[in-house]
Amino acid sequence: MSTRIAFLKGHGTENDFVIVPDPENTVDLSPAAVAALCDRRAGIGGDGVLHVVRSAAHPEARAMAAEAEWFMDYRNGDGSVAEMCGNGVRVFARYLQHAGHVTEGDLAIATRGGVKTVHLAKDGDVTVGMGRARLPEGDVTVSVGERSWPARNVNMGNPHAVAFVDDLSDAGTLYSAPPFSPASAYPDGVNVEFVVDCGPRHVAMRVHERGSGETRSCGTGACAVAVAAARREGADPAVTGSPVTYTVDLPGGTLVITERPDGEIEMTGPAVIVAEGEIDAEWLENAVR
C-alpha cells in the first residue's frame, strides 16, 4: 500500500460517498478499512465507498470490460459488498467527468448488478439506466415496534421492501433494520422504504439501507418505490403501453424516476463532488487493527 491514498468526497441527493480512485486495483479495501473510512467521527465519513477500478483490472468485472471501461466496486458503510447503488452510479459518473476520463454525454459503467448506461447532461443532472425491476412473488411484511405493514417485494439488482404508510414518522428512528417476514424473502437482508403520497405521481420516502442504516437518499430505493406505486395505482407501463414518471422526494433531495413499457427504468438527479485529498495509509492500517 502506498504512503498516501487519493480520495474524493461526493454525494447524490445527500447520499454521500468516499471515492477511492484505483484504476489498477492495487488498494486493499478490506471490510474493516471501508468501515473506518466511512466512520463519521474517526474517519472521512460516508454512506459507502466508491472504489473506482478499470473493469479489466478487477476479477468481478473483467467479463464486462468490453462494454464498460470502468467498474464501480461499491461497498456499504459497514464494509459489506453491495450489488448496486443508484446514487453511487451518478456520483461515480461525476467523478469520471471530474477526473477527465469522460465528457458530457453517454457512457457505460460496470457494476455487480450489470452494466449501467449513464448520461451526463449539460445542466448537471445525471440520468442512469437502472435496468428492469423484478417483482418476486409472495407476501412480505415489515414492522416498526408493534406496528406492521404489507410491503411490495421489488428487486432492482438489490432487494427492497416498499411499505406505504400514513406518515413518514411511522418509520420510527430507523437506527436499526426494520424486522420483516418471512425471513426467507430476504436471506441476505433488505433495503426497506416507507412511503407516503404527496400528489399525482408524487411520493416521499424514508429508507433504511442494508448495511448503512437510514440514509438521506437511495437511488435503487426510489426506483423500487416508483415501481411499487405504479403497480398499486394500476399504471404498469407494460400493461398500459405508456411510460410512467414519478417524482420521489427523499430527505436529501428529489429524484425523477421513469419506467418505460419495455420495463427499462431511468433515474435522473444531481451528483456533486465536494472535496478531494489524501488518506494516510499508516492511519488506515492502524484503524483496521
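## Strand pairing, a buried helix and aromatic contacts in a predicted model

Strands β8 (residues 140-144) and β9 (residues 147-155) pair in the antiparallel sense over five bridges. The model is a predicted one. Within this pairing, T141 has P150 of β9 as its bridge partner. Two residues lie between the strands of the β8 and β9 hairpin, where G145 takes a positive phi near 60 degrees.

Strand β9 also pairs with strand β10 (residues 159-164): four bridges join the two, and they run antiparallel. In this case R152 has V162 of β10 as its bridge partner. β9 and β10 form a hairpin as well, with three residues between them. The turn contains G157, whose phi is positive at about 95 degrees. Strand β9 thus takes part in the pairing with β8 and in the pairing with β10.

### Strands β2, β3 and β4

Strand β3 (residues 48-54) is mostly covered, with six of its seven residues buried. On one pairing, five bridges join β3 to strand β2 (residues 15-21), and these strands run parallel. On the other, β3 and strand β4 (residues 70-76) pair in the antiparallel sense over seven bridges. G48 of β3 appears in both registers: F17 stands opposite G48, and G48 stands opposite N76 in β4. The connection from β2 to β3 involves helix α1 (residues 31-38), and β2, α1 and β3 make a right-handed β-α-β unit.

R54 is also found in strand β3. With a relative accessibility of 26%, R54 counts as partly exposed. R54 and F92 are 38 residues apart in sequence, and their C-alpha atoms are 12 Å apart in space. F92 is one of the buried residues of helix α2.

### Helix α2

Helix α2 (residues 86-98) has 13 residues. From its first C-alpha to its last, α2 reaches 19 Å, close to the 18 Å expected at 1.5 Å a residue. Of the 13 residues of α2, 11 are buried, so the helix is largely enclosed by the rest of the structure. The buried residues are G86, N87, G88, V89, R90, V91, F92, A93, R94, Y95 and L96. They include the charged-type names R90 and R94 alongside F92 and Y95. After α2 comes G100, which has a positive phi near 85 degrees.

### Cysteines

How many disulfides does the structure hold? The structure holds zero disulfides. C38 is in no disulfide, and the nearest cysteine sulfur, that of C85, is 11 Å away. C38 is buried, at a relative accessible area of 6%. For C218, the closest cysteine sulfur is again in C85, at 6.6 Å, which is too far for a bond, because a disulfide requires the two sulfur atoms to lie within 2.5 Å. C218 is buried too, with a relative accessible area of 3%.

### Aromatic contacts

A search of the whole structure finds three aromatic pairs. Two of them are set out below.

| Pair | Geometry | Centre to centre | Angle between planes |
|---|---|---|---|
| W149 and F194 | edge-to-face | 5.9 Å | 80 degrees |
| F180 and Y186 | edge-to-face | 5.2 Å | 85 degrees |

W149 lies in strand β9 and F194 in strand β12 (residues 191-199), so this pair ties together parts that are 45 residues apart in sequence. W149 is buried, with a relative accessible area of 9%, and F194 counts as buried at 0% relative accessibility. In the pair of F180 and Y186, F180 is partly exposed, with a relative accessible area of 24%, whereas Y186 is buried, with a relative accessible area of 4%.

Another contact involves an aromatic ring and a charge. The charged end of R232 sits over the ring of F164, 4.0 Å from the centre of that ring. F164 falls within the residue range of strand β10 (residues 159-164), the strand that is joined to β9 by four bridges.

How values were computed
Residues numbered from 1 in each chain as written. Predicted model: local features only at pLDDT ≥ 70, side-chain atom pairs only at ≥ 80, totals over all residues. Heavy atoms only, no water. Expected span 1.5 Å × (residues − 1). Buried < 20%, exposed > 50% of the residue type's maximum accessible area, 1.4 Å probe, protein only. Pairing = 2+ DSSP bridges. Phe/Tyr/Trp six-rings, centres within 6.5 Å; stacked < 30°, edge-to-face > 60°. Lys NZ or Arg CZ within 6 Å of the ring centre and 35° of its normal. Right-handed = clockwise from strand over helix to strand, strands pointing away.
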